[in-house]
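This report describes selected parts of one protein model. Please have the sequence and the 3D view open while reading.

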Amino acid sequence: MHYLWTIKQYIQKNMEEFNISISVIKKNQDELTKEESTLVENAKEATFRSYAPYSRFCVGAAVLLEDGTIVTGSNQENSAYPSGICAERTTMFYANSQYPDKKVKCICIAARGTDGNFTGRPISPCGACRQVLSESEDRSKSPIKVMLYGTDGIYIINSVKDLLPVSFDASFL
Ligand code: THU
């Protein structure tokens, strides 16, 4: 992975500055593979199982495992606000707890706003979710593709590490 190589180079040569670039591919729904399209539909459906009485912002996620299994989840809020959890973590924790030995290949995220409609602009995972997704990627030992659904288009990012460069991980402990 280019990103890891860059950091290694930084440490070895003690460079004072380094740059990281990521690629985000924008696709229309009709440009997706059958597998990608199914995952999008699962993430969209999951928004209808969201429990979001406080924000009324309904997020759904769908995780694809290496054997084709799809796990879905949604944001689950709580009257003690910080006790709630995002769709991405609900779903990834569920996938990892049900199938601890199966690699995760892809996660797709979709959201409906307070008007009940799917967002035009794809939403992007929060920082805490990126950290959790990053460790799932480490566990899987291969990149997890991230698909962000919006009615204006779908953003595709090839690895969670692209969303969280220079991250903290178990190697620091
Ligand atoms: N939320 C998610 O589930 N995922 C995101 O990527 C962003 C935000 C949830 C948290 C909260 O229940 C609601 O959306 C509003 O922030």
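The sections below cover the ligand site, one helix and one alanine of this predicted model.

## Ligand site

The residues around the ligand are Ser55, Phe57, Val59, Asn75, Glu77, Cys86, Ala87, Glu88, Ile123, Ser124, Pro125 and Cys126. By class, this shell holds seven nonpolar, three polar and two charged residues.

Oxygen atoms of the ligand make polar contacts with side chains and with backbone. One such contact, at 2.5 Å, is to an N or O atom in the side chain of Glu77. For the side chain of Asn75, the corresponding distance is 2.9 Å. At Ala87 the partner is a polar backbone atom, 2.8 Å from a ligand oxygen. The ligand taken alone exposes 370 Å², and the protein buries 75% of that area.

## Helix α3

Helix α3 runs through residues 87-98. Its twelve residues should span 16 Å at 1.5 Å a residue, and the end C-alpha atoms are 16 Å apart, so the model agrees with the expected value.

Buried positions in α3 are Ala87, Glu88, Arg89, Thr91, Met92, Ala95 and Asn96. Their cover includes strands β2 (58-65), β3 (70-74) and β4 (104-112), together with helix α4 (127-140). Ala87 and Glu88 are also among the residues around the ligand.

## Ala46

Ala46 lies in helix α2, residues 34-46. Its relative accessibility is 1%, under the 20% cut-off, and therefore Ala46 counts as buried.

Beyond its neighbours within four places in sequence, Ala46 is in contact with Val59, Gly60, Ala61, Thr72, Gly73 and Ser74. The C-alpha atom of Ala46 is also 8.4 Å from that of Ala110, a residue 64 residues apart from Ala46 along the chain.

Key: Residues numbered from 1 in each chain as written. Predicted model: local features only at pLDDT ≥ 70, side-chain atom pairs only at ≥ 80, totals over all residues. Heavy atoms only, no water. Helix = DSSP H or I, 4+ residues; strand = E, 2+ residues; numbered from the N terminus. Expected span 1.5 Å × (residues − 1). Buried < 20%, exposed > 50% of the residue type's maximum accessible area, 1.4 Å probe, protein only. Contact = heavy atoms within 4.5 Å. Near = heavy atom within 4 Å. Polar contact = N/O pair within 3.5 Å; in protein donor to acceptor, adjacent residues only side chain to side chain. Areas by Shrake-Rupley, 256 points an atom, 1.4 Å probe, with all protein chains shown as cover. Nonpolar A, V, L, I, M, F, W, Y, C, P; charged D, E, K, R; others polar.
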